[in-house]
Amino acid sequence: MKIQILIVEDNAIVAEKTKLYIQEYEHFNVKDIAYNYSEALELIHRKEYDLAIVDIHLGRGKSGIEVAQLLKDKGVHFIYLTSYADQETISSAALLEPIGYLVKPISKANLFANLEMARLNFFGKDQIEIREGKSTLYFLKSQVFYIKSSGNYCEVFDQEGAKVIRQKITDWTDQDPKTFVRVHRSYVINRNKIKAIGKEITLVSGDIIPVSAGYRDHLKDWA
């Protein structure tokens, strides 16, 4: 699973060039581009992102620093992008604790260095490795809602939909039993995605997951 990026940049050429560079990097995907504060606001409230690249100066209206505040409030990491590298700009932007800083014109090497540092320092602990035959699949735990067993296969339901892979459902609970818990013979859920617990479990995604009697006594510990 790739790390999903939002680009906030008022210059369409710079935005598209940055997107093309990022698409060469296998671990990342540009999910959306916002060209002003209003578009960024709408996307941030409506969709989920792992990382954002935000131009500090967005022309007229509110700045990228105000976009960064929205991202910080939602717990989304961000990298600043700017044409200005003066001390005053950097000091003002740094107050919201960005994880990187890119100066225009963007260098592909500098962009990749910032992305790689972000991946290793902020997303490495979020990754889970799942074996599928001779291959290894990588998922971001924070994006997975639940896993459903279907014979020799599993369906992994995450922010992007469902993915069918050949594996055992216990691979998830064996690797990270604190995050992934079994609630039914056929279901493992991400305990961080629980919205409500009753006779069934409601996840933040809106999915309703059945609970077997043998697991019901542990529900109070998972809420």
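In this predicted model, a side-chain oxygen of Asn-36 comes to within 3.1 Å of the backbone nitrogen of Ser-38, and this takes place at the start of helix H2.

Following H2 along its residues 37-46, one finds that Tyr-37, Ala-40, Leu-43 and Ile-44 are buried, where buried means that under 20% of the relative accessible area is left. Looking down the axis of H2, these buried residues fall within an arc of 130 degrees, so they line one face of the helix. The spacing helps to explain this: an α-helix has 3.6 residues a turn, so residues three or four places apart point the same way. Ser-38, His-45 and Arg-46, by contrast, are exposed on the other side of H2.

What, then, covers the buried residues of H2? The cover includes strand E1 (3-8), strand E2 (28-34) and helix H3 (64-73). With respect to the strands, H2 lies across E1 and E2, and runs at about 130 degrees to E2.

These strands belong to an open sheet of 5 strands, in which the order is E2-E1-E3-E4-E5 and the pairing is parallel. At the edges of the sheet are E2 and strand E5 (100-103), each of which pairs on one side only, and from one strand to the next the twist averages 20 degrees. Further inside this order, E1 and strand E3 (residues 51-55) run parallel and are joined by 4 bridges, with Val-8 standing opposite Val-54 in E3. Helix H3 also packs on the sheet, where it touches E1, E3 and strand E4 (77-82), and the direction of H3 makes about 170 degrees with that of E4.

Terms used
Residues numbered from 1 in each chain as written. Predicted model: local features only at pLDDT ≥ 70, side-chain atom pairs only at ≥ 80, totals over all residues. Heavy atoms only, no water. Buried < 20%, exposed > 50% of the residue type's maximum accessible area, 1.4 Å probe, protein only. Helix = DSSP H or I, 4+ residues; strand = E, 2+ residues; numbered from the N terminus. Arc of directions from axis to C-beta. Contact = heavy atoms within 4.5 Å. Polar contact = N/O pair within 3.5 Å; in protein donor to acceptor, adjacent residues only side chain to side chain. Pairing = 2+ DSSP bridges. Axes fitted to C-alpha atoms, helices over the stretch in contact; angles between N-to-C directions.
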